[in-house]
Amino acid sequence: MAATAYSVALLGGARLPAATGNAAPRSSAFLPRRNLHPLRLQDAPRPSLLRVKAASDDTSASGDEIIEDLKGKWEAIEDKPTFLLYSGGAVVALWLTTVVVGAINSVPLLPKLLELVGLGYTGWFVYRYLLFKESRKELATDIESLKKKIAGTE
């Protein structure tokens, strides 16, 4: 049985006829032999002989510098309890979001439906804002006005 499965895998799904008794099988019953060569090192693409050297500027900061920088930023915070409250709230919100997404993902048909909604919205967005030159200009002005609102310059 194992030899049969091996021969089936080796021959690409074709089975050889079973030999009955001591009689030799006819030569026409065999499939043509495939030329299977393992990947040789000579056939592999050669890497380029071009050598690249790294820049000598070392911009990485040591652990002590990072800790000192973080200590300085922590000392610069005036309202530490509010900062901790907001940071904790952000962590809880992130955890809650992952729980909700996991629950939605476990419903059998809902992920595919949401994927379809996402594809539809992407198609609408491309048609509405990216396909024509006038709409691209409109999108650029909308983004700039949003940047100004966020930065507080407007």
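Here's a quick rundown of two neighbouring topics in this model: some aromatic rings in helix α4, and helix α5 with its residue S135. Keep in mind that the model is predicted. There are six aromatic pairs in the structure. One of them is Y121 with W124, a tilted pair with 5.5 Å between centres and 35° between planes.

**Rings and helix α4**
- Y121 and W124 both belong to helix α4, which covers residues 110–130.
- They sit three residues apart, or about one turn of the helix. An α-helix has 3.6 residues a turn, so residues three or four places apart point the same way.
- W124 has a relative accessibility of 41%, and it counts as partly exposed because that value falls between the 20% and 50% cut-offs.
- Ring pairs also tie Y121 and W124 into a cluster with F125 and Y129.
- Y129 has a charged partner too: R128 lies over the face of its ring, 4.7 Å from the ring centre.

**S135 and its surroundings**
- S135 is part of helix α5, running over residues 133–151.
- With a relative accessible area of 7%, S135 is buried, because that is under the 20% cut-off.
- Setting aside neighbours within four places in sequence, S135 touches R128, Y129 and L130.

**Helix α5, end to end**
- The 19 residues of α5 should span 27 Å at 1.5 Å a residue, and the end C-alpha atoms are 27 Å apart, so the two values agree.
- Right after α5 comes G152, with a positive phi near 85°.

Methods
Residues numbered from 1 in each chain as written. Predicted model: local features only at pLDDT ≥ 70, side-chain atom pairs only at ≥ 80, totals over all residues. Heavy atoms only, no water. Helix = DSSP H or I, 4+ residues; strand = E, 2+ residues; numbered from the N terminus. Buried < 20%, exposed > 50% of the residue type's maximum accessible area, 1.4 Å probe, protein only. Contact = heavy atoms within 4.5 Å. Phe/Tyr/Trp six-rings, centres within 6.5 Å; stacked < 30°, edge-to-face > 60°. Lys NZ or Arg CZ within 6 Å of the ring centre and 35° of its normal. Expected span 1.5 Å × (residues − 1).
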